[in-house]
Amino acid sequence: MEASNQTKHQHNPTKPIRCIVKLGGAAITCKNELEQINGQNLEVVCSQLRQSMIPSGKVVGMDWSKRPGISDVSCNVHEFEDQLSVDSHKFVVVHGAGSFGHFQASKSGVHKGGLDQPLVKAGFVATRISVTTLNLEIVRALAREGIPSVGMSPFSCGWSTSGRNIASTDLSVVDNAIKSGFVPVLHGDAVHDNLQGCTILSGDVIIRQLAADLKPEYVVFLTDVSGVYDRPPTELNAVLLREIAVAEDGSWSVMKPVLQDINKQVDFTVAAHDTTGGMEAKISEAAMIAKLGIDVYIVQAATSHSLRALRGELRGNIPDDWLGTVIRFLK
């Protein structure tokens with residue numbers, strides 16, 4: 001798809017990557033409140049990630065920084081002295097921006113390029129301040145669950161685009177973190193673009209690039225709704241699409257349920273401030289991942305259904321009592 005794409009490092013892991021997880025911005029932030037984290041959802045998501053990565057063992061927090069309103073820093077080194085090394089599944093986390101970054105990018109037109117314009121340059125800076133702030137808070141939330149997470153910004157790690165398509169990625173930073181036992185946490189970011197100066201690189205595009213290189217067993221998209229619907233889920237009679245099949249040419253079709261009107265087009269809407277394409281872009285990127293032979297699960301965050309997906313319980317036939325969408329390659 002991106003003929004000019006240059007990957008500086010090919011991944012050759014000693015232990016396979018189990019899962020790449022996309023934390024949807026709408027699931028972990030309050031999308032209608034500027035730069036407001038959905039703390040309850042984020043806490044549950046991080047707990048479920050810990051249960052999926054580290055099936056057993058005591059939780060020992062790794063966030064030793066001072067929290068607002070708390071005078072002491074929680075750090076008991078003796079807990080680590082007695083702790084045995086725990087074998088864990090290898091995960092990579094990518095998160096969207098939600099109410100962080102989209103406003104700044106949209107107001108300044110960063111996604112359209114033009115770094116020579118003062119407004120765009122200021123918006124580039126403002127967007128990165130916002131998304132890296134969210135990244136830090138997600139890393140801290142994961143660390144409090146005992147997950148050795150490290151934040152990584154695509155801009156700082158050498159990711160760039162050309163005509164809004166990925167042009168270069170330095171995956172050695174991600175690879176070295178994984179080999180050292182860390183969980184990389186990447187995010188949608190403002191990056192350089194060879195043709196238009198700058199743009200927004202979405203978390204969905206990042207996850208597809210990572211999936212192609214790391215070849216995880218499966219990929220999970222955590223969203224604020226139960227999965228993919230045939231129309232906006234707030235509309236009357238919206239139908240949850242339980243299984244989508246992807247053909248060799250990248251086109252996709254609904255397998256379950258059988259829609260009454262087989263010629264009916266699935267209708268997507270994109271919020272005015274969303275500079276990354278919304279649900280339609282998600283399906284497109286998920287289809288590209290499925291084409292690699294990697295199952296993709298789209299499911300509501302912080303539910304029993306998301307926990308089953310994260311744990312890898314859904315490979316094979318999808319249980320009738322599971323709510324979500326699976327996207328698979330049609331062999």
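**Group meeting: strand β3 and what surrounds it**

I'll start with strand β3: six of its six residues are buried, so β3 is largely enclosed by the rest of the structure. Buried here means under 20% relative accessible area, with exposed over 50% and partly exposed in between, using a 1.4 Å probe and protein chains only. Strands are DSSP runs of E of at least two residues, helices are runs of H or I of at least four, and both are numbered from the N terminus.

A word on the source. This is a predicted model, in which local features need pLDDT of at least 70 and side-chain atom pairs count only at pLDDT 80 or more, while totals for chains, interfaces and linings use all residues. Residues are numbered from 1 along each chain as its sequence is written, and side-chain values use heavy atoms, with hydrogens and water left out.

For the overall picture, the protein chain has nine helices and 16 strands. Of its 331 residues, 50% count as buried. Contact means heavy atoms within 4.5 Å. Taking contacts between residues at least 6 apart in sequence, 74% join residues at least 24 apart.

Back to β3. Which way do its side chains point? Lys90, Val92 and Val94 point one way, Phe91, Val93 and His95 the other, and all are buried. On one strand pairing, six bridges join β2 to β3, and these two run parallel; Ile17 stands opposite Lys90 there. β3 and β7 also run parallel, joined by three bridges, with Val94 opposite Leu186 of β7. Strands count as paired if DSSP finds at least two bridges between them.

These strands belong to an open sheet of nine, in the order β4-β7-β3-β2-β10-β15-β16-β13-β14, with mixed pairing. The edge strands are β4, residues 149–152, and β14, residues 252–256, each pairing on one side only. Neighbouring strands of the sheet are turned by 20° against each other on average, direction ignored. At the β4 edge, four bridges join β4 to β7, residues 183–187, and the two run parallel. Ser149 has Val183 as its bridge partner in β7.

Towards the other edge, Glu243 lies in strand β13, residues 243–246. Is Glu243 buried or exposed? Glu243 is buried, with a relative accessible area of 19%. Leaving out residues up to four places away in sequence, Glu243 touches Ser253, Val254, Met255, Lys256, Val326 and Arg328.

Next, the helices. Helix α2, residues 39–53, lies across β2, β3, β7 and β10, at about 160° to β3. Helix α7, residues 203–214, lies across β2, β3, β7 and β10, at about 175° to β2. Axes are lines fitted to C-alpha atoms, for helices over the stretch in contact, and angles run from 0 to 180 degrees between N-to-C directions.

α2 also packs against another helix. The axes of α2 and α5, residues 118–144, come within 9 Å and cross at roughly 50°. That makes α2 oblique to α5; angles under 35 degrees count as roughly parallel, over 145 as roughly antiparallel, 65 to 115 as roughly perpendicular, and the rest as oblique. Leu42, Cys46 and Leu49 of α2 meet Glu137, Ile138, Ala141 and Leu142 of α5. As a reminder, an α-helix has 3.6 residues a turn, so residues three or four places apart point the same way.

Helix α6, residues 172–179, has Ser172, Val174, Asp175, Ala177 and Ile178 as its buried residues. Their cover includes β2, β3, β4, β7 and α7. After α6 comes Gly181, with a positive phi near 90°.

Last, the aromatics. Rings of Phe, Tyr and Trp (its six-membered ring) pair if their centres lie within 6.5 Å, with planes under 30 degrees apart counted as stacked, over 60 as edge-to-face and the rest as tilted. The count comes to three aromatic pairs. One of them is Tyr218 with Tyr297, edge-to-face, at 6.3 Å centre to centre and 70° between the planes. Tyr218 lies in β10 and Tyr297 in β15, residues 295–300, so this pair ties together parts that are 79 residues apart in sequence. Tyr297 also pairs edge-to-face with Trp322, at 6.1 Å and 85°. Trp322 sits in the loop between α9 and β16, 25 residues from Tyr297. Tyr218 and Tyr297 are buried, as is Trp322. Ring pairs thus link Tyr218, Tyr297 and Trp322 into a cluster.
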